[in-house]
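This report describes the ligand sites of one protein model. The sequence and structure are shown first, and the discussion follows.

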Amino acid sequence: MAEVQPLTEESVIDYVKGKEELRSVFEGADDIRSSQITEGNVNLLFRVYSESDPDKSVIVKQALPYAWRYPDFKMPLDRSRIEYEVLRLEGKYCPENVPKIYLYDPELHVLVIEDLNHHLVMREGLMKRKRYPHVAEHVGTFMARTLFYTSDLYLPSEEKKAMVPKFINPVLCKVQEDLVFTQPYIDHPNNRWTPGLDEQVRRIHADDELRSEIFMLKELYMTHAQAVIHNDLHTGSIMLNEEETKVVDPEFAFYGPMAHDVGTYLANLALNYAAQEYHSPTPEERADYRKWLAGQIAETWQVFEREFLRLWEEEGNDDWPSDAFRRKYMLQMLQDTAGFGAAEMMRRLIGLAHVHDFWTIEDEGIRARAESLGLNIALAWVRNRRSVEKIDDLVEMVTEAKPEV
Ligand SMILES: Nc1ncnc2c1ncn2[C@@H]1O[C@H](COP(=O)(O)OP(=O)(O)OP(=O)(O)O)[C@@H](O)[C@H]1O
Ligand SMILES: [Mg+2]
């Protein structure tokens, strides 16, 4: 296969000008410019826009056979097709919560999507203690719809089985298996943590009971082909403003356990809660914003559960005629959400891929305290998950956790 040339700030302009599908976006613009977006790690991204009318713009995302920032890290080009197919699928069920797709070019592994230039990455918004009045409704509904409509509760059994191979994503899944479910629990050179956490991390590494619980989740992650999950649904994959919420970057998607998406999102709210140790300027503001975040954990789950059950009731297939099964299914989902959420928190605190909420804390003492609180929330979620009965149990574990340093 011929090597594909990476686009550049120059060549991407000609690329865009040459595409019929983009003509209407740039109608009348003779001053098209581009700039590379360097926030991500994996793909090449450019904003291509008209200088005099910046609302005439698109995002061009190109997958290379390696991670853009770490060229030694090989990555399959097929992730671009998966991202395209999942964006389309999500767009079918939740058009208001995903960017529009202008084109997909399988030869150059390029996706051209709507420029969300009136939206902010949610993680950055939370660090500034912004409140979004509709985000729980939007994310809860997005998860309920995308997960329900791709599951065996809705699709006829044969149709669902035919979908599974389209979303086989072995290399990106292996990345998550290693980084989320394995490395943080063993002595591994990829791991890093703030020195003040040494003692807590030593105990985590010595805790084989904890490791066994994480491996139960890892096995579930690897084998439970329940729905098309986004598989990287953290607050860095959400762009929003007060009115709108858009979920981006589904390149990790595959047929996996629903609770992984729900848990990952709720975990990132809890991580921000812990990081407010630093980001809030006063104890009053900290308490106030934490109350909002804790409320978001509860409300997002409640919206998710309500919408999921409504869809099941109104549009579910005839294969599961049991009320008790419905109750058990939702309870299992909540308990698995706690487990997957815990795994997401731990890997962000003591594994390879840390998050801005904590990175940006320069003072190591404050960072250690915030991270120590995050670790204790995670440990409470994973250790107590089998006795969780309602979302308030998880919220309580967040609000009652204490830092150790
Ligand atoms: N549709 C969009 N409109 C505006 N900005 C976007 C859009 N999509 C992505 N971005 C910006 O580009 C950054 C990287 O995007 P994305 O996460 O899709 O890329 P990636 O290469 O897969 O990165 P990673 O997986 O490492 O986060 C986002 O954090 C956001 O700042
Ligand atoms: Mg990505």
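## Polar contacts of ligand 1

In this predicted model, a polar backbone atom of N43 lies 2.8 Å from an oxygen atom of ligand 1. Two side chains also take part: an N or O atom in the side chain of K61 is 2.7 Å from an oxygen atom of the ligand, and a polar side-chain atom of E251 is 2.8 Å from an oxygen atom of ligand 1. On its own, ligand 1 has 610 Å² of accessible area, of which the protein covers 89%.

## Pocket and surrounding shell

Ligand 1 occupies the largest pocket. Strand 2 (44–50), strand 3 (57–62) and strand 5 (110–114) are the elements that contribute two or more residues to the shell around ligand 1. The shell comprises 17 residues, and the closest are N41, N43, K61, L116 and E251.

## Magnesium site

The magnesium ion (ligand 2) is coordinated by OD atoms of D249, which is listed twice, and by OE of E251, at 2.0 to 2.6 Å. Both D249 and E251 are buried. E251 thus appears at both sites, as a residue that coordinates the magnesium ion and as one with a polar side-chain atom 2.8 Å from an oxygen atom of ligand 1.

## The position of D232

D232 is located in the loop between strand 7 (227–229) and strand 8 (238–240). D232 counts as buried because its relative accessibility is 10%, and buried means under 20%. In sequence, D232 and A343 are 111 residues apart, while their C-alpha atoms are 13 Å apart in space.

Definitions and conventions. Residues numbered from 1 in each chain as written. Chains lettered and ligands numbered in written order. Predicted model: local features only at pLDDT ≥ 70, side-chain atom pairs only at ≥ 80, totals over all residues. Heavy atoms only, no water. Donors = N, O, S within 2.8 Å, 3.2 Å for Na, K, Ca; no water. Buried < 20%, exposed > 50% of the residue type's maximum accessible area, 1.4 Å probe, protein only. Near = heavy atom within 4 Å. Polar contact = N/O pair within 3.5 Å; in protein donor to acceptor, adjacent residues only side chain to side chain. Areas by Shrake-Rupley, 256 points an atom, 1.4 Å probe, with all protein chains shown as cover. 1 Å grid on protein atoms, 1.4 Å probe; cavity = no way out; pocket = protein on both sides within 12 Å on 5 of 7 lines; lining within 4 Å. Sits in = over half its atoms within 2 Å of the grid points. Helix = DSSP H or I, 4+ residues; strand = E, 2+ residues; numbered from the N terminus.
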